[in-house]
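Biologist: I would like to learn how to read the surroundings of a bound ligand in a model, beginning with the kinds of residues involved. Could you take me through it step by step?

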Amino acid sequence: MNLSAKYSACLKGELLCPGDKSISQRVLIIGSFLNQEILISNILASSDPICTANALNQVNANLTFNKLSNTVKTVKRQMPFQDPTESLDLGNSGTGARLLTGFLSGLGINATITGDKSLSSRPMKRIVEPLTKMGFKLNSNNHRLPIEITQSIGSSFFEYNSPISSAQVKSSILLAALTGSIETKITEPIGSRDHTERMLKYFGADIHSEIKNEKNIIHFSPSDLSIQDENYYVVGDFSSAAFLIVAALISEDSEIIIRDVGINPTRAALINVLKEMGGNIEFTKVKQVSNEEVCNILVKNSQLKGADIGGDIIPSLIDEIPILSIAASFADGKSKISDIGELRVKESDRLNAISKGLDAIGIKNCTDNTSITIEGKTGYIEQIDNIKSFDDHRIAMSFLVAGLRSKRGIIVNNCENIVTSYPNFVSDMNQLGSRIDEVK
Ligand code: S3P
């Protein structure tokens, strides 16, 4: 499916932010382990969490996903988790594959994890290595999927110094620690998103973090979990809101409100960067929901200026680099985004995908292995080569937002994968006043 996007005078209006993908994945997994009746609302009914829910049901989790009401019901299981009869297909979801590998290893389940072409090319050594050191038996295809988990028992204590700041690695280990009852200490160079820690704490786990010598250290001790409430609300996905925020910033006379957006500081650092670039963004009605900070975000059109971004802030805006590159493209002056080598192993090689897309719309840029420099343009896009999405949802949505600055319109090819994280992206954008259409 190819989509076209065109200049529209302004974006106006208010909408509810779709549920957070990372949190949706975690509450499906941890919720199924709680083995109690829970109603999860505002869950993201996109293909990534749906793949995770299906995989969990294959091991007897008993989750009922209602895609129309964005809810999931978990019920008390009559039987324990069991080995699946077929392999577990996690589709495009790195979070699903990596977190479930840890979770199932600790449970002592025999299973094979598979995924689509993009997921099958992504690195899995980062989880296979620590989980193996924990005592679990895993076979991978040269550190790629499929991963075969063979029933095994982990050690009673595990300490891991992670070479990278990755919430998926940390969470895979923590979920293996949870289901395998393993006392665990993890050190990461810079704190990555902490949704797993917050959720485990919310459900009564013995877990705490500390910063020592600038590193983030997480301590987990096995204990029983319990629920405080039979209802769990998934806060809005900051990463989805980010597309709307940048869209409003770069479109003339725009003013929008996005409701119930999760603004966990380990996720929402893009806001600090955009404000520093001159973005008119305000938080209202800040509150705590499900042990996550949430608020409404008011955004007004602003002339941005270029910025230098890099270092410790990167893990807390790692998924927002594509849309940040679009903001930088329409800023006054040059921007440099450094220390983003991890982008090479996301759903696509995002550094390459961003650079190729910017070339196609005539925005001067240059990349090296770990950074991109972008020369902003305060006017409109003139060049209109079709843009390749590289089958990557965030690349597709970022360039559709860039289309707001094209009077002739731009076309982004192969946008199918938008459904992995933000199925209502086109209708939400068009409800605010953009003009995104399918090209027949
Ligand atoms: C995620 C962690 C990040 C992020 C991904 C979701 C998570 O990946 O890019 O989209 O839910 O834990 P890494 O752990 O590889 O940095």
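Biologist: How many residues of the shell around the ligand are nonpolar, polar and charged?

Modeller: One sorts the shell by side-chain type, and in this predicted model the shell around the ligand divides into two nonpolar, four polar and five charged residues. Among the residues around the ligand are Arg26, Arg126, Arg193, Asp319 and Lys346, together with others that include Ser22, Thr95, Ser166 and Gln168.

Biologist: Which helices each supply at least two residues of the shell?

Modeller: Here one goes from single residues to the elements that carry them, and helix H1 (21–34) and helix H6 (167–180) each supply at least two residues of the shell around the ligand.

Biologist: Where does the ligand lie with respect to domain 1 and domain 2?

Modeller: For this one asks which domains give residues to the shell; domain 1 (2–19 + 235–439) and domain 2 (21–232) both do, so the ligand lies between them. The space that the ligand takes is the largest pocket.

Biologist: Which atoms of Ser22, Gln168 and Asp319 lie by an oxygen atom of the ligand?

Modeller: A polar contact is read as a pair of N or O atoms within 3.5 Å. A polar side-chain atom of Ser22 lies 2.6 Å from an oxygen atom of the ligand, and a side-chain N or O atom of Asp319 is likewise 2.6 Å from a ligand oxygen, whereas Gln168 uses a backbone N or O atom, 2.8 Å from an oxygen atom of the ligand. As for cover, the protein covers 95% of the 380 Å² of accessible area that the ligand has on its own.

Terms used: Residues are numbered from 1 along each chain as its sequence is written. This is a predicted model: local features need pLDDT of at least 70, side-chain atom pairs count only at pLDDT 80 or more; totals for chains, interfaces and linings use all residues. Side-chain values use heavy atoms; hydrogens and water are left out. A residue is near a molecule or strand if one of its heavy atoms lies within 4 Å of it. A polar contact is a pair of N or O atoms within 3.5 Å; within protein, one must be able to donate a hydrogen and the other to accept it, and residues adjacent in sequence count only if both atoms are side-chain atoms. Accessible areas come from the Shrake-Rupley method with a 1.4 Å probe; for residues, only the protein chains shown count as cover. On a 1 Å grid over the protein atoms alone, a cavity is a set of points where a 1.4 Å probe fits but cannot get out, and a pocket is an open set with protein on both sides within 12 Å along at least five of seven lines; lining residues have an atom within 4 Å of a point. A molecule sits in a cavity or pocket if more than half of its atoms lie within 2 Å of its grid points. Helices (H or I, at least four residues) and strands (E, at least two) are DSSP runs, numbered from the N terminus. Ala, Val, Leu, Ile, Met, Phe, Trp, Tyr, Cys and Pro count as nonpolar, Asp, Glu, Lys and Arg as charged, and the others, Gly among them, as polar. Domain bounds come from an automatic or database domain assignment.
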